[in-house]
Amino acid sequence: MRRAIREAAVRALLAAGERLRGGADARADRRGVRRPLVLAGNACLTAAVGLCDGAALARISCRRWGAQAASDTDRHVSAGLLPWEADLCRRHLPVRGGVVGLIGCGSGRDLLALVAAGHTVDAVDFAPEAVARARAELAARWLRADVFCADALGFDFPRPRYDAFLFSY
């Protein structure tokens with residue numbers, strides 16, 4: 001009974017968090033309520049995570065990130081590295097030929113940019129839909145990287161040495 005109540009509470013908090021964050025659009029920005037909506041949504045999502053055990057959190061995360069990867073637009077996937085990611089790579093990776101372990105590759109936004117820049121990348125994500133999308137995006141651009149479907153916490157990266165490991169949203 002307790003488990004059922006906890007799972008119902010988690011579902012309700014996740015739904016509320018998404019609704020609140022989804023309401024934080026341009027109209028809310030003009031009314032000055034965008035930030036409070038985002039904060040309230042984040043609070044609901046944080047409370048939901050706090051009610052989960054590790055296995056439940058993994059199941060929820062896998063479903064959510066899989067759905068995110070499926071809904072990512074081509075524009076998002078092609079956007080490349082975020083400014084802070086590009087700066088980090090400039091400071092810590094060789095110009096070309098770096099060996100990078102990418103944790104949480106998602107649909108491939110950062111993966112594509114790293115491979116296109118000449119780096120060797122081993123990527124891992126635990127959502128099968130995200131891994132399939134990343135592999136498809138690589139193939140569509142004639143790029144190559146090893147993309148694994150696994151939980152990064154227990155994953156043994158295949159190379160003995162990496163120049164960097166990146167974990168991005």
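This report describes the fold, the sheet and selected local features of a predicted protein model.

## Overall composition

The protein chain contains 8 helices and 4 strands. Read from the N terminus, its elements follow the order α-α-α-α-α-α-β-α-β-α-β-β.

Of the 169 residues in the chain, 34% are buried. The accessible surface amounts to about 10,300 Å², and carbon and sulfur atoms contribute 58% of that area. Among contacts with a separation of 6 or more, 65% join residues that are 24 or more positions apart.

## The sheet

The 4 strands form an open sheet in the order S3-S2-S1-S4, with parallel pairing. Strands S3 and S4 (164-167) are the edge strands, each pairing on one side only. Neighbouring strands of this sheet are turned against each other by 20° on average, direction ignored. As a general rule, strands of a sheet pair through backbone hydrogen bonds, either parallel or antiparallel.

Strand S1 (residues 99-103) pairs with S2 in the parallel sense over 5 bridges, and Leu 102 stands opposite Ala 123 in S2. S1 also pairs in the parallel sense with S4, over 4 bridges. Here Leu 102 faces Leu 166 as its opposite residue in S4.

On the other side of the order, S2 and S3 (residues 146-149) run parallel and are joined by 4 bridges. The bridge partner of Asp 122 in S3 is Asp 146, while Val 124 stands opposite Phe 148 in S3.

## Burial of the strands

Strand S2 (residues 120-125) is mostly covered, with 5 of its 6 residues buried. Strand S4 has two contrasting faces: Ala 164 and Leu 166 make up the covered face, whereas Phe 165 and Phe 167 make up the uncovered one. In a regular strand, the side chains alternate between the two faces of the sheet.

## Crossovers and helices

Two β-α-β connections involve S2. The chain passes from S1 through helix H7 (residues 109-116) to S2, and this β-α-β crossover is right-handed. S2, helix H8 (residues 128-140) and S3 likewise make a right-handed β-α-β unit.

Helix H7 is mostly covered, as 6 of its 8 residues are buried. These buried residues are Arg 109, Asp 110, Leu 111, Leu 112, Leu 114 and Val 115. An α-helix has 3.6 residues a turn, so residues three or four places apart point the same way.

## Aromatic pairs

The model contains 5 aromatic pairs. The ring centres of Phe 157 and Phe 165 lie 5.1 Å apart with their planes at 80°; because this angle is over 60 degrees, the pair counts as edge-to-face. Tyr 162 and Phe 165 form a tilted pair, with 4.8 Å from centre to centre and 45° between the planes. Ring pairs link Phe 148, Phe 155, Phe 157, Tyr 162 and Phe 165 into a cluster.

Members of this cluster fall into more than one burial class. Phe 157 has a relative accessible area of 17% and is therefore buried, the limit being under 20%. Tyr 162, at 14%, is buried by the same limit. Phe 165 has a relative accessible area of 45%, so this residue is partly exposed. Phe 165 also belongs to the uncovered face of S4, and Phe 148 is the S3 residue opposite Val 124.

## Backbone positions with positive phi

Most residues other than glycine have a negative phi, and most peptide bonds are trans. Trp 142 is not a glycine, yet its phi is positive, at about 60°. This residue lies in the loop between H8 and S3. Trp 142 is exposed because its relative accessible area, 81%, is over 50%.

A glycine with positive phi follows H7: the phi of Gly 118 is near 95°.

Key. Residues are numbered from 1 along each chain as its sequence is written. This is a predicted model: local features need pLDDT of at least 70, side-chain atom pairs count only at pLDDT 80 or more; totals for chains, interfaces and linings use all residues. Side-chain values use heavy atoms; hydrogens and water are left out. Buried means under 20% relative accessible area, exposed over 50%, partly exposed in between (1.4 Å probe, protein chains only). Contact means heavy atoms within 4.5 Å. Accessible areas come from the Shrake-Rupley method with a 1.4 Å probe; for residues, only the protein chains shown count as cover. Two strands pair if DSSP finds at least two bridges between them. A crossover is right-handed if, with the strands pointing away from the viewer, the path from the first strand over the helix to the second runs clockwise. Axes are lines fitted to C-alpha atoms, for helices over the stretch in contact, and angles run from 0 to 180 degrees between N-to-C directions. Rings of Phe, Tyr and Trp (its six-membered ring) pair if their centres lie within 6.5 Å; planes under 30 degrees apart count as stacked, over 60 as edge-to-face and the rest as tilted.
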